[in-house]
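Here are some comments for a colleague at the bench, set out as numbered points to be read beside the structure. They deal with the contact between the chains and with the pairing of charged side chains.

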Number of protein chains: 2
Amino acid sequence: MRITPREELDYRISRLQTYMAGAGLDAVIIVQNADLFYFTGTIQSGNLYVPVEGDPIYMVRKEHSRARMESGLKLVVPFSSMKNIPGILADHGYSLPARIGMELDVVPVAFFERYRAVFPNADFSDATPLIRRVRMIKSKYEIHLLQDAAVQVDKVHRRAMEVIREGMTDLELAAELEFTARKEGHQGLVRMRSFNSELFYAHIFSGTDTAVPAYVDTPLGGLGLNPSFGQGAGLKRIERNEPIIVDFAGCVDGYLVDQTRVLAIGGISDRLRRAYDDMIRVQERMITLALPGTPWGDVYEGCRTLAEELGYADSFMGSRGAQVSFIGHGIGIEIDEYPFIARGFSEMVLEPGMVFAFEPKVVFPGEGAIGIENTFYISNYEGLKQLTFSDQELVIL
Amino acid sequence: MRITPREELDYRISRLQTYMAGAGLDAVIIVQNADLFYFTGTIQSGNLYVPVEGDPIYMVRKEHSRARMESGLKLVVPFSSMKNIPGILADHGYSLPARIGMELDVVPVAFFERYRAVFPNADFSDATPLIRRVRMIKSKYEIHLLQDAAVQVDKVHRRAMEVIREGMTDLELAAELEFTARKEGHQGLVRMRSFNSELFYAHIFSGTDTAVPAYVDTPLGGLGLNPSFGQGAGLKRIERNEPIIVDFAGCVDGYLVDQTRVLAIGGISDRLRRAYDDMIRVQERMITLALPGTPWGDVYEGCRTLAEELGYADSFMGSRGAQVSFIGHGIGIEIDEYPFIARGFSEMVLEPGMVFAFEPKVVFPGEGAIGIENTFYISNYEGLKQLTFSDQELVIL
């Protein structure tokens with residue numbers, strides 16, 4: 001268990017304050033768990049009041065003693081009622097803010113209304129784009145956590161090579177690999193910010209089930225165990241000569257990496273083998289494109305164009321009709337952070353410190369899906385570095 | 001995998017429409033996964049438009065083919081843009097609604113604004129209280145699913161008796177029991193409706209770690225593995241003569257039950273043993289109180305009063321300062337459904353068909369926590385029935 005160093009928190013807050021000044025905000029009030037963890041070091045319930053200048057105040061409803069222990073922030077105060085907020089601000093010499101940012105992409109309407117009632121004369125706007133911009137640049141401390149998560153997901157990959165047997169169900173394989181990650185310190189939870197986007201550890205499936213589309217905003221979906229959570233592993237039995245996809249989110253101390261590898265017993269069809277090699281080529285193309293200063297959308301277009309030239313216009317990033325409009329996604333505390341390697345995004349550019357998962361995949365309905373995924377980091381001095389490191393060869397068992 | 005029968009869906013919709021008529025709503029638009037699953041049988045992304053009279057329309061963005069397969073609703077239509085909604089309504093002979101209900105306790109502000117832009121002249125209000133009232137009365141079909149989940153959680157309990165060893169960590173025990181549930185068909189995900197309330201399978205911890213309070217709205221918390229998700233199992237090693245708490249949410253086909261049992265190697269202190277027996281007495285008191293027609297809050301007050309008389313004023317439902325104001329919670333697709341056996345709630349009464357978990361627990365800081373939890377069902381003809389059935393004796397290994 002690591003406690004986020006105070007210098008980390010201070011730097012993160014100062015960067016947010018810079019963006020706030022640029023946007024003309026007097027304060028940002030942070031309430032969502034992923035953002036709370038990033039800016040306070042913990043998620044004890046309450047809110048973090050960040051003024052455009054001065055120290056932030058972490059107001060904690062439950063559990064104040066733990067917040068004091070787990071957060072490196074200077075001002076951690078107990079808090080029991082919304083109507084006490086103006087008093088707490090006054091106690092610390094802050095006047096009432098006129099322009100307030102909140103995380104309007106995740107805060108529910110009814111919850112927001114309670115904050116609006118506390119500040120009836122304030123203008124509210126969405127602070128999430130600013131928060132995302134701070135969070136998208138990872139520190140050395142964060143990269144170390146991601147490297148640990150990459151070690152964890154490599155152990156999962158090695159375990160997959162050991163346990164896959166003809167006739168086992170996708171669920172049995174998933175259970176084995178989740179068990180492996182959990183014993184290695186995976187917290188279980190995999191956070192995705194987008195509304196309704198529930199995830200579990202992994203998407204693990206085989207053969208035709210790899211090609212089943214789902215509601216989730218991912219290139220592959222899977223049937224799942226039931227329609228209440230229709231993604232990931234189902235009860236299909238693993239057979240010879242079909243792809244087995246292990247798309248796994250490793251997690252250490254709250255930080256995620258994403259890796260996909262493909263295994264098979266016996267072999268796979270020539271079409272799938274060629275597609276696998278071609279997806280490696282798309283990854284190589286990305287590596288040549290993903291330079292600091294390049295718009296996110298340009299990386300997407302360059303890679304998608306190559307995939308089309310290679311013959312995958314109707315199968316790249318999903319089966320026809322279910323194709324997603326991204327190939328990569330920023331990753332850290334959540335699995336859908338900035339940058340998005342996606343259609344559009346012509347104005348946001350890659351910068352040193354960014355971390356993203358890149359997952360070129362193709363889907364042939366009724367046959368199967370294949371592809372690869374790695375998590376990358378744009379280093380200050382060494383260019384693009386690959387954090388996930390499991391062998392990229394298709395594993396034939 | 002079960003597909004929700006069409007008659008179930010039709011009945012659920014008709015009950016919602018009755019409440020809508022009473023509340024003067026022309027339409028309810030349902031978007032959140034748990035509610036979508038309840039009213040459509042699946043969670044393929046999109047929205048369910050429920051008019052106060054007539055058939056609901058399930059508009060599906062992704063994946064329409066799966067929604068057709070998994071939902072028993074008659075009208076399942078493809079949907080690509082919010083601005084097409086009025087046209088879809090017109091195609092089905094529905095006029096624009098003037099009063100619309102949405103799930104304002106869970107729908108984020110920015111998401112809601114997109115719906116508001118589609119219906120600029122409509123009045124919006126919170127439909128969640130109506131939805132909760134429909135969902136709180138379980139059908140025979142749902143009770144069968146809950147009974148299956150009770151079988152799963154009993155297997156978890158039996159496995160705990162097999163695997164607990166002195167010196168293993170709480171995490172190792174949690175990993176073993178999660179593995180057991182997963183192989184039995186647990187979907188992994190445990191849904192909680194309340195904002196920011198992330199859960200994993202279980203709260204499993206031992207000794208002094210059972211008494212660590214956390215941010216979650218639960219009587220026990222736990223340290224967890226790290227401050228990013230500071231609840232549940234940590235790295236403490238299990239010792240002799242201390243309580244080991246296994247609070248586990250079983251899940252079958254989307255339906256949850258909640259059960260807590262306590263185990264120990266060797267034995268536990270007289271104080272904890274007496275407290276365990278007293279919590280059984282609180283459960284027995286609840287059984288005498290939980291009759292149809294009784295206000296939820298009266299059950300809470302009756303049980304809390306008994307706990308205070310037994311000497312637990314400062315330790316019941318949490319350590320002093322971290323006590324929660326409930327003893328039980330409705331459960332089904334989410335772990336925080338109606339009814340709440342909680343402070344207040346003097347006007348809502350128990351009714352046949354309701355299902356709730358009841359969890360009298362005490363916490364002695366620095367020593368440990370103890371208690372019991374079962375999931376109960378108010379049957380039409382047979383009164384209160386206990387769904388979870390693992391032996392209630394404290395397990396001494």
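1. In this predicted model, chain A and chain B bury about 5,600 Å² between them, and 62% of that area lies on carbon and sulfur atoms. Of the area that chain A buries against chain B, Arg182(A), Phe195(A) and Pro227(A) supply 13%, which is more than any other three residues. Counted by residues, 66 of chain A are in contact with 66 of chain B.

2. The polar side of this interface also deserves a look, since the rule finds 36 residue pairs in polar contact across chain A and chain B, both residues being at pLDDT 80 or more. The elements of chain A that each give two or more residues to the side touching chain B are helix H2 (33-40), helix H3 (64-70), helix H5 (109-118) and H8. The largest share of that side comes from H8(A), with eight residues. By class, the side of chain A that touches chain B has 34 nonpolar, 19 polar and 13 charged residues.

3. Between chain A and chain B the count is four salt bridges, whereas over all chains the count comes to 64. In the salt bridge between Glu198(A) and Arg191(B), the N to O distance is 2.7 Å.

4. Within chain B, what does Arg12(B) pair with in helix H1 (residues 6-23)? Arg12(B) forms a salt bridge with Glu8(B), with the closest N and O atoms 2.8 Å apart, and because the two residues are four apart in helix H1 of chain B, about one helical turn separates them. Both Arg12(B) and Glu8(B) are buried.

5. Arg12(B) also meets the side chain of Glu142(B) in a salt bridge, at 3.9 Å from N to O. Glu142(B) lies in helix H7 (residues 140-163) of chain B and Arg12(B) in helix H1 of chain B, so this pair ties together parts that are 130 residues apart in sequence. Glu142(B), like Arg12(B), is buried.

6. In chain A, the side chains of Glu176(A) and Arg159(A) meet in a salt bridge of 3.4 Å, N to O. This pair links distant parts of the chain, with Glu176(A) in helix H8 (residues 170-183) and Arg159(A) in helix H7 (residues 140-163), 17 residues apart. Arg159(A) counts as partly exposed because its relative accessibility is 29%, which falls between the limits of 20% and 50%.

7. Finally, a network of salt bridges links Asp35(A), Asp105(A), Arg135(A), Lys138(A), Arg193(A), Glu334(A) and Glu337(A).

Technical notes
Residues numbered from 1 in each chain as written. Chains lettered and ligands numbered in written order. Predicted model: local features only at pLDDT ≥ 70, side-chain atom pairs only at ≥ 80, totals over all residues. Heavy atoms only, no water. Buried < 20%, exposed > 50% of the residue type's maximum accessible area, 1.4 Å probe, protein only. Contact = heavy atoms within 4.5 Å. Buried area = accessible area lost by both parts, 1.4 Å probe. Polar contact = N/O pair within 3.5 Å; in protein donor to acceptor, adjacent residues only side chain to side chain. Nonpolar A, V, L, I, M, F, W, Y, C, P; charged D, E, K, R; others polar.
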